[in-house]
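Trainee: I have this one open and don't know where to start. Can you walk me through it?

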Amino acid sequence: MATNGVAMAAVALARLLWATAAEELSCVDENCGVNLVQIQIAKAVHRKTDYWYPGRAVDYNRSGYSDATGPWPLKAPSWKFEEAGMNFHQTPCIDHERNIYTGSDQGRILSFDAQGSKRWEVQGPSRACQNPFLYDSKLYTSCDDGSVMALDMTDGRILWHRQLEEELPDDTYSMTATEEFLFMPYGYQKNLMNPKDRTGSPAVALLRRSDGKLLWTFEVPGSSTVNLAPCMFETSVIFNDVSGGIYHLRLSDGSVIWKKEALSPGSYTLGGVSCSADGKVYNGFSVGTGKNETGGLQALNISTGERIFTKQFSAAVHNAPAVGKVYGHNRLAVVFGMGEPAGVPIGPPRHVNGTVFAADAETGEVLWSFEPAAWDGVGVAGSTMDQICLPDLFSAATISKDGTVYINWSAGGVTYALREPWRRCSLPCVLARMAENT
């Protein structure tokens, strides 16, 4: 069965990278406010964790970059867990002992050890208990009945449970936990044309981590979030809406530091944000709707919200980018997948294509691209009307220390380990790469 989380197979062997801290800046003249924001970002980069993969996309910057070397070439999984009628659209987490934790569409929350033996299982209060986050020996998650929970990572005991809202969305959003706070979506986006569609949320919320008490909410103006996975800093948070609008809020009260309007209002993307240690936020987005839909990648200055670059592509970007050095290039790259999800398993077979891009993080220029074998089928591999699986076309990528990119081609149900093939280089190209990586 295809899932939207490459973490189970590709990241179980990886430790986290917490990015090198940006230089601390002093407050000078009229740039004082900007520099204070940059200082808080630098402080966030210093934040440490004992866990290999505490939440989706490795770290608080959602960089997707790991300080470990994963398997190359990619080998078959050492174990797997399957159960009839059970779906995992969720991204697993990994602790310091390589124990794995995940939610499920059926509301069951599970933990496995590194050998694949089940450590414990807890039935949540409803279905769709979403991407968890590990912090201070506790697992935090929430389910579609509007409840939020803290579980003991050792045995799954529920430490506290709070009813936050009447309902929460059933997209694969990610809980985020810090020393003081929890950040998550608030409510779900009502669809009058299809009341069963509970994808997306019209607001976000900050909770007190110790007991889940609601501190504030922020309504996304004229839009909603989907698959929420924010960049979380010491005193602020950055996230995107479904049209590619970007918001930077203060944690103290939810007030706006800056917001950047979408380049294509009314468009829809399942993608997210990723932030770099040098002060940029990246986001993949869609342009237009229907058959004429295209997409792009944008980079903004975290301090000011100013757009640094925007690059257009021939199809929509529906996953969150990853940021790190990729194999063969001694500079930061942004890695993302492009293409439309395969959809529900009904109707005639579809011919589904997609492309993975690695782009220069400073300019957006493409460094390399990869197209997996096209998928011809009804829905994604393994999906049926009895057991529907609706992942994004690609998972978010994970980049290992040696620059290998791990990403799941969800249409075909295949996980890839990618490195740029140097055999395509001429001799001058190879010599230049060798010098660049010295």
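Trainee: What's the order of strands in the open sheet that has E9 in it?

Mentor: The model is a predicted one. In that sheet the four strands run in the order E9-E10-E11-E12, and the pairing is antiparallel.

Trainee: Which strands stand at the edges there?

Mentor: Strand E9 (176-177) and strand E12 (214-219). Each has a single partner strand, so one side of each is left without a neighbour in the sheet.

Trainee: And how many bridges join E10 to E11?

Mentor: Six, between residues 181-186 of strand E10 and residues 203-208 of strand E11. As one example, Pro185 has Val204 as its bridge partner in E11.

Trainee: Now the sheet with E17. How is that one ordered?

Mentor: The order is E17-E18-E19-E20, an open sheet of four strands with antiparallel pairing. Strand E17 (273-275) and strand E20 (307-313) are its edge strands, each pairing on one side only. On average, neighbouring strands of this sheet are turned by 20 degrees against each other, direction ignored.

Trainee: What about E18 and E19, how many bridges there?

Mentor: Eight bridges join them, with E18 covering residues 280-287 and E19 covering residues 294-301. Phe285 has Gly296 as its bridge partner in E19.

Trainee: Change of topic. Which residues touch the most other members in the largest nonpolar core?

Mentor: Val148, Leu182, Phe183, Val204, Phe239 and Leu249, out of 31 residues in that core. Strand E7 (147-152), E10, E11, E12, strand E14 (236-240) and strand E15 (246-250) each supply at least two of its residues.

Trainee: Why would residues like that end up together?

Mentor: In soluble globular proteins, nonpolar side chains tend to be buried together.

Trainee: What does Leu249 touch?

Mentor: Leaving out residues up to four places away in sequence, its contacts include Val204, Trp216, Phe218, Phe239 and Ile257. Thr235, Ser236 and Gly254 are also among them.

Trainee: Which residues are in the second core?

Mentor: That core is separate and has 22 residues, including Tyr65, Ala333, Cys389 and Leu418.

Trainee: Last thing, Gln90. Where is it found?

Mentor: Gln90 sits in the loop between helix H2 (32-45) and strand E1 (93-94).

Trainee: Is Gln90 buried or exposed?

Mentor: Gln90 has a relative accessible area of 2%, and buried means under 20%, so Gln90 counts as buried.

Trainee: Which side chains does the Gln90 side chain make polar contacts with?

Mentor: One is the side chain of Asp105, at 3.0 Å. Another polar contact, also of 3.0 Å, joins the side chains of Gln90 and Gln130.

How values were computed:
Residues are numbered from 1 along each chain as its sequence is written. This is a predicted model: local features need pLDDT of at least 70, side-chain atom pairs count only at pLDDT 80 or more; totals for chains, interfaces and linings use all residues. Side-chain values use heavy atoms; hydrogens and water are left out. Two strands pair if DSSP finds at least two bridges between them. Axes are lines fitted to C-alpha atoms, for helices over the stretch in contact, and angles run from 0 to 180 degrees between N-to-C directions. A nonpolar core is a set of buried Ala, Val, Leu, Ile, Met, Phe, Trp, Tyr and Cys residues joined through side-chain atoms within 4.5 Å. Buried means under 20% relative accessible area, exposed over 50%, partly exposed in between (1.4 Å probe, protein chains only). Contact means heavy atoms within 4.5 Å. A polar contact is a pair of N or O atoms within 3.5 Å; within protein, one must be able to donate a hydrogen and the other to accept it, and residues adjacent in sequence count only if both atoms are side-chain atoms.
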